[in-house]
Amino acid sequence: MDRAIYIAMTGAKHNMLAQASHSNNLANATTTGFRADWEQARAMPVFGEYYPSRAFSNTERPATDFNDGPMVETGNELDVAITGDGFFAVQDADGNEGYTRRGDFSVTPVGQLINGSGQPVIGQGGGPIVLPPYEKVEIGEDGTISIRPAGAGPNEMAVIDGLKIVNPDLQNLEKGTDGLFRPVEGEQVLEDDPALRVVSGFVEGSNVNPVHELTNVLALNRQYELQVKMMKTVEEVTRSSEQILRMS
Amino acid sequence: MHKALWVGKTGLEAQDIALATISNNMANASTTGYKKERAVFEDLIYQVQRQPGAQSTQNTQLPSGLQLGTGVRTVGTQKLFTQGDLNTTEQPLDLAINGRGFFQILLPDGNLAYTRDGTFHLNDEGQIVTASGYLLEPDIQLPEQTSTITIGEDGIVTAVIGNDNQNVIQLGDIEVVDFVNPAGLQAAGKNLFLETAASGPPQVGVPSLDGFGSIIQGALETSNVTIVEEMVDMISTQRSYEMNSKVVSTADQMLGFITQNL
């Protein structure tokens, strides 16, 4: 049987995988701090005894879209969004550091600052941030967290810690299976960059462009139909060659 | 089957919950002491289809792999305890807390609940009760013939008995409680909240002292829902839902197409 049918099959299969990637972006169109994934297909020539005239398709996730998401005002004093570059440092399930743009913070009963996914937020000291009982909390432009302790007057603001905000090389950053970003090579724990700025009372939305994703979903659908058409054509070709053999 | 079908489904579910949250906020836009909620989402785990950096041959490496996300998940709904506007009503038993804190309410089963809704009434025995008839804790009993009742910013309740303005008696004080993480309280309906492991234990205090809010007599705290914000959220939720449903139908068409044509 002609191998063209297998080539068309990989095309259709990888169209489906690409579809999954775009639909994941769309599903997370309203997830706080979500970064969309790029998807691309690569031609993989098949080398063998013959000319390398065939090429399988190969879907990849080469990178993540690091463009900024929309700023959504919430008025919640613990919501923080990064203006411009940078990532918050949080603790992942293994206790290691991971990086995220997600800034919808809240406090646990023991005062630990966590983000919307429940990951503890790491401070400039390198450990998780713990807030003592407070009456009012303010997060400054540089990430400094100051509180008015419960029962204290307005002139008794105390600086507790600061948010650790890092400025990694985006080329060297990869999204892990838990959705957190980590450097691919080199030091896994990055240094705090004091030059980065945040704004409190806002969260950063998802940077998914729904029009782009939906257009891709529709385009992939048509491409998939072409692959199936190709398989059908191969089937017809096989059938006609059978017929020729029967006549002779 | 088609991955995108399931991923699209998680997106539909998430937007469904978001819309339910928004509509509950809208429905309670004029509920006294209501605190708005927002649905919190996170991306589900990613599946590694092909490991980046794996050897494609003995001498070459795959420059990038394929990791596919599996959709979105609702982590929960978070109550936002920002202060609502204070609405003056001039009713002596309407109380608002300006700042942090909750009133304590004794439930019929003996447990305590907490509320920001200060619409209080008197029952047939002269006790201060909520609109549902539950007692305010600690219990305040008004004597017969009470002509005026005054509740101070620090919660002290005094009453004037009869026509004699000299006959002022102190009836008790209203305490307020606070939580480390009010967002962790469980909403129980009837404007009441219950303590949970996430909220931490209640800390009882005197209003206006130690960081607790002050009690304002003759005012009510309105809901902190902003209609404009909810409307905008509703529109974007609807569009997002439509797009996710488009993914589901597209994935279905792809499967349908191959079964019909091959």
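In chain A, strands S9, S10 and S11 line up in that order to make an open, antiparallel sheet of three strands. This comes from a predicted model, and the predictor puts the complex at an ipTM of 0.75 and a pTM of 0.81. The edges of the sheet are taken by S9 (134-139) and S11 (158-162) of chain A, each of which pairs on one side only. Going from one strand to the next, the twist averages 25 degrees.

A look at one of the pairings fills in some detail. S9(A) and S10(A), the latter covering residues 144-149, run antiparallel and are joined by five bridges. One residue pair can be picked out here: A:Tyr134 has A:Pro149, in S10(A), as its bridge partner. As a reminder, strands in a sheet pair through hydrogen bonds of the backbone, in either a parallel or an antiparallel fashion.

Over in chain B, the story is about helices. Chain B has an average pLDDT of 89, with 97% of the residues scoring at least 70. Helix H1 (residues 3-27) of chain B packs against helix H2 (residues 227-261) of chain B, the axes sitting 8 Å apart at an angle of about 160 degrees. Angles over 145 degrees count as roughly antiparallel, so that label fits H1(B) and H2(B). The crossing of H1(B) past H2(B) is left-handed. Sorted by class, the residues in the contact between H1(B) and H2(B) come to 15 nonpolar, eight polar and five charged.

How values were computed: Residues are numbered from 1 along each chain as its sequence is written. Chains are lettered from A and ligands numbered from 1 in the order in which they are written. This is a predicted model: local features need pLDDT of at least 70, side-chain atom pairs count only at pLDDT 80 or more; totals for chains, interfaces and linings use all residues. Side-chain values use heavy atoms; hydrogens and water are left out. Axes are lines fitted to C-alpha atoms, for helices over the stretch in contact, and angles run from 0 to 180 degrees between N-to-C directions. Helices (H or I, at least four residues) and strands (E, at least two) are DSSP runs, numbered from the N terminus. Angles under 35 degrees count as roughly parallel, over 145 as roughly antiparallel, 65 to 115 as roughly perpendicular and the rest as oblique. A crossing is left-handed if the near helix is turned anticlockwise from the far one by less than a right angle, and right-handed if clockwise. Ala, Val, Leu, Ile, Met, Phe, Trp, Tyr, Cys and Pro count as nonpolar, Asp, Glu, Lys and Arg as charged, and the others, Gly among them, as polar. Two strands pair if DSSP finds at least two bridges between them. pLDDT is the predictor's confidence in each residue, from 0 to 100.
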